[in-house]
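Work through the following exercises with the sequence and the model open. Each task is followed by a solution in steps.

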Amino acid sequence: MTQDEAKKLAGEAALRELPSAGVIGLGTGSTTRFFIEALGRAVQAGGKYIGVPTSESSRALASSLGIPLLSDDGPWDIDVTVDGADEVDDALELIKGGGGAQTREKIINFASKRNVIIVDETKLSSRLGERWAVPIEVLHFAHAQTAKQLAAFGVVTTRMRDGAPRMTDSGNFLYDVATGPIASPRALDAALRNVPGVVETGLFCGRADVVLVAGANGVGRLLPNG
Ligand code: 5RP
């Protein structure tokens with residue numbers, strides 16, 4: 001099974017985690033794309049779902065599929081959010097933000113009654129930071145000064161796209177901080193968010209109600225307490 005096939009399996013399995021109708025948070029990324037496509041098919045078949053997108057790309061996809069969307073302003077009453085992750089540890093703590101959407105993703109995650117995370121099995125690791133750097137959205141103003149402060153936590157790189165800094169949907173910079181294995185994701189998240197200019201980190205601690213992991217043996221369902 002290719003990684004893409006596993007992502008599709010996870011994305012489609014997430015449909016079974018939804019209520020029969022309701023407000024659904026729409027994550028960002030290539031795995032979530034498969035979920036949004038499946039949700040689009042459910043809406044086209046008469047399903048009463050309304051989406052809240054976590055990025056402009058998810059908004060565009062959902063709109064193109066005819067999924068009705070709520071405004072960005074909130075407040076929302078979100079039943080379930082389905083989103084991807086870059087790294088998942090044994091305690092179901094997450095690194096997210098490979099797609100640069102972690103701020104909107106975190107706001108929508110916190111606004112949801114339930115959060116379903118969908119990954120292929122390559123995303124599992126025993127310790128966060130072993131395989132991924134921590135993505136940080138940094139306020140445009142004084143971003144290089146903020147990046148200098150972030151260097152206390154690891155090796156800092158500017159996220160680039162097409163030879164220019166990659167900006168977030170909110171017009172901010174993205175930095176990736178390679179920390180190495182993280183002893184306490186919660187403590188690191190708190191310390192990073194204490195740096196002036198940090199808008200949000202990609203550390204999601206205690207924010208997954210279930211993780212669907214797809215691989216050659218099908219889809220596993222991981223719960224926070226085992
Ligand atoms: C975007 C995210 C994504 O969910 C994460 O990067 C996983 O992406 P993919 O499903 O493409 O592997 O956090 O900000």
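**Exercise 1.** Where does Asp-162 lie, and is Asp-162 buried or exposed?

Solution. Step 1: in this predicted model, Asp-162 belongs to the loop that links strand E9 (160–161) and strand E10 (164–165). Step 2: the relative accessible area of Asp-162 is 79%. Step 3: exposed means over 50%, so Asp-162 is classed as exposed. Step 4: Asp-162 is not a glycine, yet its phi is positive, about 55 degrees.

**Exercise 2.** Locate Leu-92 and assign its accessibility class.

Solution. Step 1: Leu-92 sits in the loop between strand E4 (87–88) and strand E5 (94–95). Step 2: phi of Leu-92 is positive, near 65 degrees, and the residue is other than glycine. Step 3: the cut-off for buried is under 20%; Leu-92 has a relative accessible area of 4%, so Leu-92 is buried.

**Exercise 3.** Find the peptide bond between Gly-74 and Pro-75 and state its configuration.

Solution. Step 1: look for Pro-75 in the loop between helix H3 (56–64) and strand E3 (78–83). Step 2: omega for the bond from Gly-74 to Pro-75 is near -10 degrees, and the bond is cis.

**Exercise 4.** Describe the surroundings of Gln-3.

Solution. Step 1: Gln-3 is part of helix H1 (residues 3–13). Step 2: its relative accessibility is 41%, so Gln-3 is partly exposed. Step 3: with neighbours within four places in sequence left aside, Gln-3 is in contact with Asp-120, Thr-122 and Lys-123. Step 4: the side chains of Gln-3 and Thr-122 form a polar contact of 3.1 Å.

**Exercise 5.** Which residues come nearest to the ligand, and which polar atoms lie by its oxygen atoms?

Solution. Step 1: the ligand has 17 residues around it, of which Ser-30, Thr-31, Asp-86, Gly-97 and Lys-123 come nearest. Step 2: by class, this shell holds two nonpolar, nine polar and six charged residues. Step 3: backbone N or O atoms lie 2.9 Å from a ligand oxygen atom for Thr-28 and 3.2 Å from a ligand oxygen atom for Gly-98. Step 4: in Lys-123, a side-chain N or O atom is 2.7 Å from an oxygen atom of the ligand. Step 5: the ligand taken alone exposes 380 Å², and the protein buries 92% of that.

**Exercise 6.** How many residues of domain 1 are in contact with domain 2?

Solution. Step 1: the domain assignment gives domain 1 as 3–124 + 205–216 and domain 2 as 134–201. Step 2: their C-alpha centres are 23 Å apart. Step 3: 16 residues of domain 1 are in contact with 17 residues of domain 2.

Definitions and conventions:
Residues numbered from 1 in each chain as written. Predicted model: local features only at pLDDT ≥ 70, side-chain atom pairs only at ≥ 80, totals over all residues. Heavy atoms only, no water. Near = heavy atom within 4 Å. Polar contact = N/O pair within 3.5 Å; in protein donor to acceptor, adjacent residues only side chain to side chain. Areas by Shrake-Rupley, 256 points an atom, 1.4 Å probe, with all protein chains shown as cover. Nonpolar A, V, L, I, M, F, W, Y, C, P; charged D, E, K, R; others polar. Helix = DSSP H or I, 4+ residues; strand = E, 2+ residues; numbered from the N terminus. Buried < 20%, exposed > 50% of the residue type's maximum accessible area, 1.4 Å probe, protein only. Contact = heavy atoms within 4.5 Å. Domains from an automatic or database assignment.
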